[in-house]
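Please walk me through this structure in plain terms. Start with one residue and the company it keeps, then move on to the strands around it.

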Amino acid sequence: MSGLFPSVGTVQDTLDNVGKAHEAKRAPISFTGTGAQQIVAGVTGKKLRVLALVILTDTAGTIAVQDDNASPQVLVGAMPVAANGGMVIPFCEGVYWGETQSGDDLDLNCSTSMTVGGVVVYMEI
């Protein structure tokens with residue numbers, strides 16, 4: 001199971017050079033598609049850290065959380081979801097589930113065409 005969450009970090013990692021905490025943000029998730037689907041646009045010079053995620057889908061398949069670049073980095077490995085089911089990546093005080101490379105979008109990668117709705121909680125670092 002340790003390979004499923006390879007990028008878990010600590011709260012200390014969420015502090016910048018002067019010790020100022022970063023603000024948690026949230027973005028709604030709503031799309032129909034397959035393959036990489038952007039859920040948060042990248043910010044120049046910033047990494048996006050995933051703190052929590054809730055999704056529901058209409059179709060069975062797998063969904064992975066990744067960044068979006070020429071060689072996508074998988075942040076949370078492919079997880080199976082049932083038709084009319086979903087998944088939760090819970091907020092856990094003191095950790096984050098992965099981070100994009102600087103400036104990259106945050107994507108969900110769907111194995112099959114599906115309608116997905118939910119919310120992601122993240123930080124810009």
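In this predicted model, Val-43 touches residues from elsewhere in the sequence. Set aside its neighbours within four places in sequence, and Val-43 is in contact with Gly-103 and Glu-124. Asp-105 belongs in the picture too. Val-43 and Asp-105 are separated by 62 residues in sequence, but their C-alpha atoms are 7.7 Å apart in space.

Where does Val-43 lie? Its place is the loop between strand 2, residues 24–40, and strand 3, residues 48–57. Is Val-43 buried or exposed? Neither label fits: its relative accessibility is 25%, and buried means under 20% while exposed means over 50%. Val-43 therefore counts as partly exposed.

Now turn to strand 9, which covers residues 105–124. Strand 2 pairs with strand 9 through 15 bridges, and the two run antiparallel. Within strand 9, Cys-110 is the residue that stands opposite Gly-35.

Strand 3 is joined to strand 9 as well. Nine bridges link them, again in an antiparallel arrangement. Here Leu-48 has Glu-124 of strand 9 as its bridge partner. Glu-124 has come up before: Val-43 is in contact with Glu-124.

Strand 4 is next. This strand spans residues 61–68 and pairs with strand 9 over six bridges, in the antiparallel sense. Asp-68 stands opposite Asp-105 in strand 9. Asp-105 is also the residue whose C-alpha lies 7.7 Å from that of Val-43.

Definitions and conventions: Residues are numbered from 1 along each chain as its sequence is written. This is a predicted model: local features need pLDDT of at least 70, side-chain atom pairs count only at pLDDT 80 or more; totals for chains, interfaces and linings use all residues. Side-chain values use heavy atoms; hydrogens and water are left out. Helices (H or I, at least four residues) and strands (E, at least two) are DSSP runs, numbered from the N terminus. Buried means under 20% relative accessible area, exposed over 50%, partly exposed in between (1.4 Å probe, protein chains only). Contact means heavy atoms within 4.5 Å. Two strands pair if DSSP finds at least two bridges between them.
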